[in-house]
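Student: I have a new structure open in front of me and would like to learn how to read it. Could you walk me through it, feature by feature?

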Amino acid sequence: PTDSGPGKDGHCYPEPMDEDCLYLNIWTPANSSDEKLPVMFWIHGGGYIGGHSYASYVNGDTIAKNGAILVSICYRLDVFGFLAHPELSAESPLGISGNYGTLDQIAALKWVYENISAFGGDPGNITVFGQSAGANSTQILISSPLSRSMVNRAIMESGASMRHTDLIPIRRLSDAEAMGSNILDAMGIGSIDEARKMDAIEFQQKCGKAMFEKLKLGFFEMPFAPVIDGHVLEKSLGEYAASGEIANVECIVGHTDEGGLDFPMPIDAYEPWLESFGDNADRLRDLLDVNSQEDLDKINPNGFKGKLVTASAAFAESRQEHGGKPVYYYYFDRHLPGDDSGAAHTAEIFYVFNCLQMSWRPFTGVDYDIALAMSSYFANFAKTGNPNGDGLPTWDAYDEADPKRLVIADDASMQKIEQPAWQRALIDLDK
């Protein structure tokens, strides 16, 4: 926890550590088990290394007042949730490792699917939603053959992924195993058996130091994340979406202005990024017309926001082209009061749960109006697959022929998306 950023906003807490950690929380307004209420299944973010199912913004009371059940889940994180290693794979009957945290999410979803009717919920109407790594996880659950049949709707806040715009690197098993081996080597640990003999907290702390101090891994290299293992995932999330092999469910995708995480691309990383597009590199180079760091900073095509703009539009268009159910796209640009963080990554969460009173920020009446609208949109979506309702500004589904999105700032309104030629090219390549 810190005095700024996510810590100050109540997204993390000091707490005792314990491996007895796989719990879920249920808020239900039902008075009997036969009410068949819609279920909203929340997956927290935190880059797969942190986060909580009970953070201060997770407000099941508001969800319940809107006529839905909220379930928030825990899953193993960091090295304990996502370490892949050849020795761990050798121990597995399936010959795989590294997806422990994702398998926790799937187990929680299966438990809800099989048991939520006892709490008045409808197992045939489960909306999975999450932010950042939680959004990435949501896309995994509508992609994986192990889970996609249990999901009826999906909401991805700041985390949709397509072919060239994976915000979180989901590696193939062999690459993830190599990463795990390098980390243990940097820690001076010779085997998994030796690692298991260490105190868990000491192991986690040494692991962090080895990653960032010895291996010099950057924040977005994220060694602990889901893996393409042939079991949970058979291909990348972008490949699932582009091929139409995901669950055919209504979706909401969107993002904030991504303040705090929209790091600029260094000019020396520009050419290697272009080359990642293979035969299309020259075409993109001409369209982008970048000749200096200043030129690159103006568009930042591979920054956090740039990736999300591209991925959100590409995801929506891909679903439309495959005859999928509607996708609703939003852009949250309400600048948070109280500091200069703007519409930062995570900014929308207190609004989604309509619990501004749980934050230290000096919110005004406009903020409370936005929170009421966002929570209503999401609840309506969970009930019917359409976010619209009485008293709300109309939110149209994304249409490739006339691309618009709901912009949420001082109010909410549909606005046309401006797509320069280079952005259009990136969207097409993503599909």
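**Reading sheets, spaces and rings**

Tutor: Gladly! Let us begin with a small space inside the protein, keeping in mind that this is a predicted model. The lining of the second largest cavity divides into four nonpolar, four polar and two charged residues.

Student: Which residues line the second largest cavity?

Tutor: They are His164, Thr165, Trp273, Phe277, Pro301, Asn302, Lys307, Thr310, Leu426 and Asp430. Two elements, α14 and α17 (421-430), each give two or more residues to this lining. The space amounts to about 50 Å³.

Student: How many cavities of 30 Å³ or more does a search of the whole structure find?

Tutor: Three. The largest cavity has a volume of about 60 Å³, and 14 residues line it. Closest to its centre are Phe82, Arg171, Ala176, Pro223 and Ala225.

Student: Which helix gives the most to the lining of the largest cavity?

Tutor: Helix α7, residues 173-186, with four residues. As for class, twelve residues of that lining are nonpolar, one is polar and one is charged.

Student: And pockets? How much space lies in the second largest pocket?

Tutor: A pocket is an open space, whereas a probe placed in a cavity cannot get out. Here the second largest pocket holds about 580 Å³. It is lined by 23 residues, and those closest to its centre are Asp166, Phe220, Trp273, Asn302 and Lys307. Look at α11 (267-275) and α14, which each supply at least two residues of the lining; the largest share, three residues, comes from α11. By class, 13 of the lining residues are nonpolar, five are polar and five are charged.

Student: Now the sheet, please. In what order do the strands lie?

Tutor: To read a sheet, follow its strands from one edge to the other. In this model, nine strands form an open sheet in the order β1-β3-β2-β4-β5-β8-β9-β10-β11, with mixed pairing. At the edges are β1 (24-27) and β11 (412-416), each pairing on one side only. On average, neighbouring strands are turned by 20° against each other, direction ignored.

Student: In which sense do β9 and β10 pair, parallel or antiparallel?

Tutor: Parallel: β9 (residues 327-332) and β10 (residues 404-408) are joined over three bridges. You can find Phe332 opposite Ile408 of β10.

Student: Which strands does helix α14 touch?

Tutor: Helix α14, residues 304-321, packs on the sheet and touches β5 (153-157), β8 (250-256), β9 and β10. Its direction makes about 165° with that of β9. Another helix to look for is α5 (residues 100-115), which lies across β1, β2 (37-43), β3 (69-73) and β4 (121-131). Helix α5 runs at about 165° to β2.

Student: One last feature: how should I read a pair of aromatic rings?

Tutor: Such a pair is described by the distance of the ring centres and the angle of the planes. In this structure, a search finds 18 aromatic pairs. Take Tyr330 and Trp395: their ring centres are 6.3 Å apart and their planes stand at 85°.

Student: Why is the pair of Tyr330 and Trp395 edge-to-face?

Tutor: Because the planes stand at 85°, and an angle over 60 degrees counts as edge-to-face. This pair also links distant parts of the chain, with Tyr330 in strand β9 and Trp395 in the loop between α16 (365-384) and β10. The two residues are 65 residues apart.

Notes:
Residues are numbered from 1 along each chain as its sequence is written. This is a predicted model: local features need pLDDT of at least 70, side-chain atom pairs count only at pLDDT 80 or more; totals for chains, interfaces and linings use all residues. Side-chain values use heavy atoms; hydrogens and water are left out. Two strands pair if DSSP finds at least two bridges between them. Axes are lines fitted to C-alpha atoms, for helices over the stretch in contact, and angles run from 0 to 180 degrees between N-to-C directions. Contact means heavy atoms within 4.5 Å. On a 1 Å grid over the protein atoms alone, a cavity is a set of points where a 1.4 Å probe fits but cannot get out, and a pocket is an open set with protein on both sides within 12 Å along at least five of seven lines; lining residues have an atom within 4 Å of a point. Grid points are joined across faces, edges and corners, and a volume is the space filled by probe spheres set on the points. Ala, Val, Leu, Ile, Met, Phe, Trp, Tyr, Cys and Pro count as nonpolar, Asp, Glu, Lys and Arg as charged, and the others, Gly among them, as polar. Rings of Phe, Tyr and Trp (its six-membered ring) pair if their centres lie within 6.5 Å; planes under 30 degrees apart count as stacked, over 60 as edge-to-face and the rest as tilted.
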